[in-house]
Amino acid sequence: NLVGYHSFIKHDVCFIVIDSYDVTMSQREETCKKYQRAKQILEENNPNFSRNINSPEGLTGVQRRFVAFNGGLDKPQLEWLDRTLETVRNKKQKAIILSHQPIHPKSTKGPTLIWNYDEVLQILRKYRKNVAL
């Protein structure tokens, strides 16, 4: 269970690197809990999953994000993000969020949007005065 998210301060700005492949099937053992969670998400959201795990065929809009080469943030990372941004706010700092995948649905038209972008955006909006994407 790799952890790829972290933060660091540079010139009083907190750089927050989220791991948008925290929950994914890519490069995970099939016995891994996060692999199993990713598989469950795809089975529930992509009817093509049993035939082609990377096919967004028939999916429209933001639903196209549910493909196996994609991923999302697990609950511990979401909680960490919230705590980190709370600290940023309390210290009256600014934060820059860095992500390999798009977080906002208007920033992409393809199937690359983070699976649980809505949960990530909910946290970011809570701290909107301190956050830059």
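In which sense do S2 and S3 pair, and over how many bridges? The two strands run parallel and share five bridges. The views below start from that pairing. The model is a predicted one, so residue numbers count from 1 along each chain as its sequence is written, local features need pLDDT of at least 70, side-chain atom pairs count only at pLDDT 80 or more, and totals for chains, interfaces and linings use all residues. Side-chain values come from heavy atoms, with hydrogens and water left out.

**View 1. Four strands sit side by side in an open sheet.** Reading across, the order is S1-S2-S3-S4, and the pairing is mixed. Strands here are DSSP runs of E with at least two residues, helices are runs of H or I with at least four, and both are numbered from the N terminus. Two strands pair if DSSP finds at least two bridges between them. At the edges are S1 and S4 (131-132), each of which pairs on one side only. S1 meets S2 (residues 13-17) in the antiparallel sense, over five bridges. S3 and S4 run parallel, joined by two bridges. As background, strands of a sheet pair through backbone hydrogen bonds, either parallel or antiparallel.

**View 2. S3 shows one face buried and the other not.** Walk along S3 (residues 94-98) and the side chains alternate. Ala 95 and Ile 97 point to one face and are buried, whereas Lys 94, Ile 96 and Leu 98 point to the other face and are not. Buried means under 20% relative accessible area, exposed means over 50%, and partly exposed lies in between (1.4 Å probe, protein chains only). In a regular strand, side chains alternate between the two faces of the sheet. Two residues of S3 also show who sits across from whom. Ala 95 is the bridge partner of Cys 14, while Ile 96 stands opposite Ala 132 in S4.

**View 3. Two aromatic pairs turn up in the structure.** In one of them, Tyr 5 and Trp 80 are tilted, with 4.8 Å centre to centre and 50° between the planes. Rings of Phe, Tyr and Trp (its six-membered ring) pair if their centres lie within 6.5 Å; planes under 30 degrees apart are stacked, those over 60 are edge-to-face, and the rest are tilted. This tilted pair links distant parts of the chain: Tyr 5 lies in the segment before S1 (6-10) and Trp 80 in H2 (residues 75-90), 75 residues apart. Are Tyr 5 and Trp 80 buried or exposed? Both are buried. Then there are Phe 8 and Phe 15, with ring centres 5.2 Å apart and planes at 10°, so that pair is stacked. Phe 8 stands opposite Phe 15 in S2, and Phe 8 counts as partly exposed at 39% relative accessibility.

**View 4. The largest pocket has a volume of about 230 Å³.** A pocket is an open set of points on a 1 Å grid over the protein atoms alone, where a 1.4 Å probe fits, with protein on both sides within 12 Å along at least five of seven lines; lining residues have an atom within 4 Å of a point. The volume is the space filled by probe spheres set on points joined across faces, edges and corners. Out of 16 lining residues, Arg 37, Ile 41, Leu 73, Asn 116 and Glu 119 are the closest to the centre of the pocket. H1 (33-45), H2 and H3 (117-126) are the elements that give two or more residues to the lining. H1 has the largest share, with four residues.

**View 5. Some loop residues are worth a stop.** Asp 12, in the loop between S1 and S2, has a positive phi near 65° without being a glycine. At 48% relative accessibility, Asp 12 counts as partly exposed. Gln 27 also has a positive phi, about 55°, and is not a glycine. You'll find Gln 27 in the loop between S2 and H1, exposed at 83% relative accessibility. Asp 22 is in the loop between S2 and H1, but Asp 22 is buried, with a relative accessible area of 1%.

**View 6. Gly 58 lies in the loop between H1 and H2.** At 71% relative accessibility, Gly 58 counts as exposed. The C-alpha atoms of Gly 58 and Asn 48 are 8.4 Å apart, and the two residues are ten residues apart along the chain.
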